[in-house]
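Okay, thanks for having me, everyone. Let me put the structure up and then walk you through a few spots in it.

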Amino acid sequence: MGRIPDKKIKQPAKAIDWDSLRQRLEASRMAVGQELTPDATRAILRKRAGELARQAGEEGAGATLEVLEFLLSYESYAIEISWIVETYPLRELTPLPGTPPFVLGIINVRGRILSVIDIRVFFDLPQQGLTNLNKVIILQAGGMEFGILADEIIGTRSIALAELQPPLPTLTGIREKYLKGVTRERTALLDGEKLLSDQMIVVHDEIEE
């Protein structure tokens, strides 16, 4: 972006009401921790993304990403909200014999049969088993749709692109392939586009009547 000439600056930019912003983010965090319909999730999260983007633009802080943060094997991960359809409780998981080890099984989400991917397998994370507290983050792009496992949904947050650091040197091969970067707090940002476009991890299934 070009530099704004000094003569066009009439007065200091209006300060951001950070208390109000934190309250809105907390409301979003409470919402994504529950079972939400796709329309409700899109409305809440994308509205929040738009608000934060405008706030950042007014302050001139640079480009930001609005993400959903979650825990998996005690590690913090995040993925851009633009790839997320909804979050859903892990219910009635049906294993699929003969599928790769990263495919936990399939679930029925209001008539849609979706495969659930365990990204712990990609990232060599400890296997902790499943409980009724696990969530599924449903991703979608074009005609591709599947869920990824989460131990706990933390909430939404804004990440400045300038804050992202390259993946650690110890992360090589398939682990690094699906990462866009790591924040200062060591939250790993997943690359939603690569996850959704990689044919290797997509499983198509239909209900047999």
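**A walk through the salt bridges, sheet and core**

Let me start with one residue: E145 has a relative accessibility of 21%, so it counts as partly exposed, given that buried means under 20%. Before I go on, please keep in mind that this is a predicted model.

So who does E145 pair with? Its salt-bridge partner is R112, and the closest N and O atoms of the two are 2.8 Å apart. R112 is partly exposed as well, because its relative accessible area is 25%. As for where they sit, R112 is in strand β5 and E145 is in strand β7, 33 residues apart, so this pair links distant parts of the chain.

How many salt bridges are there in total? The count comes to nine. In general, side chains of opposite charge can pair when their charged atoms come close. I'll show you two others.

The next one is E86 with R110, where the closest N and O atoms are 2.6 Å apart. E86 belongs to strand β3, while R110 is in the loop between β4 (103-109) and β5 (112-117), so the pair ties together parts that are 24 residues apart in sequence. Now, is E86 buried or exposed? E86 is buried, with a relative accessible area of 0%. R110, on the other hand, is partly exposed at 44%.

While we're at E86, a word on its strand. β3 covers residues 84-89 and is mostly covered, with six of its six residues buried. Which strand does β3 pair with? One partner is strand β6, residues 135-141; the two pair in the antiparallel sense over five bridges. If you want a spot to find on screen, look for I84, which stands opposite L139 in β6.

Here's the other salt bridge: the side chains of R157 and E185 meet at 3.5 Å, N to O. R157 is in strand β8, and E185 is in the loop between β9 and β10 (188-190), which puts them 28 residues apart, another link between distant parts of the chain. R157 counts as buried, because its relative accessibility is 17%. E185 counts as exposed, at 51%. And there's a bit more here: salt bridges that share partners join E69, R157, E163 and E185 into one network.

That brings us to the sheet. What is the order of its strands? Five strands form an open sheet, in the order β8-β1-β2-β10-β9, and the pairing is mixed. At the edges you have β8 (152-160) and β9 (179-182), each pairing on one side only. From one strand to the next, the twist averages 30°. Strand β1, residues 64-72, runs antiparallel to β8, and eight bridges join them. E69, which we just met in the network, stands opposite G155 in β8.

Stay in that sheet for a moment and find E80, in strand β2 (residues 75-80). E80 is buried, with a relative accessible area of 13%. What does its side chain do? The E80 side chain makes a polar contact with the side chain of K180, at 3.0 Å. Not counting residues up to four places away in sequence, E80 touches L65, E66, V67, K180 and L189.

Now for the nonpolar side of things. The largest nonpolar core has 39 residues, and F70 and L190 are the ones with the most contacts inside it. Which element gives the largest share of this core? That would be strand β7, residues 144-150, with five residues. There's also a second, separate core of six residues, including V67, A78, L164 and L189. Going back to L190: if you leave aside neighbours within four places in sequence, its contacts include F70, Y77, I119, F123, I148 and L195. K180, the polar partner of E80, is also among the contacts of L190.

One last stop, and it's D118, in the loop between β5 and α3 (120-123). Is D118 buried or exposed? D118 is buried, with a relative accessible area of 1%. Leaving aside neighbours within four places in sequence, D118 is in contact with F102, L104, Q127 and L149. With L149 the C-alpha atoms are separated by 5.5 Å, although the two residues are 31 residues apart along the chain.

That's my tour, thanks for listening.

Methods. Residues are numbered from 1 along each chain as its sequence is written. This is a predicted model: local features need pLDDT of at least 70, side-chain atom pairs count only at pLDDT 80 or more; totals for chains, interfaces and linings use all residues. Side-chain values use heavy atoms; hydrogens and water are left out. Buried means under 20% relative accessible area, exposed over 50%, partly exposed in between (1.4 Å probe, protein chains only). Helices (H or I, at least four residues) and strands (E, at least two) are DSSP runs, numbered from the N terminus. Two strands pair if DSSP finds at least two bridges between them. A nonpolar core is a set of buried Ala, Val, Leu, Ile, Met, Phe, Trp, Tyr and Cys residues joined through side-chain atoms within 4.5 Å. Contact means heavy atoms within 4.5 Å. A polar contact is a pair of N or O atoms within 3.5 Å; within protein, one must be able to donate a hydrogen and the other to accept it, and residues adjacent in sequence count only if both atoms are side-chain atoms. Axes are lines fitted to C-alpha atoms, for helices over the stretch in contact, and angles run from 0 to 180 degrees between N-to-C directions. A salt bridge is a side-chain nitrogen of Lys or Arg within 4 Å of a carboxyl oxygen of Asp or Glu.
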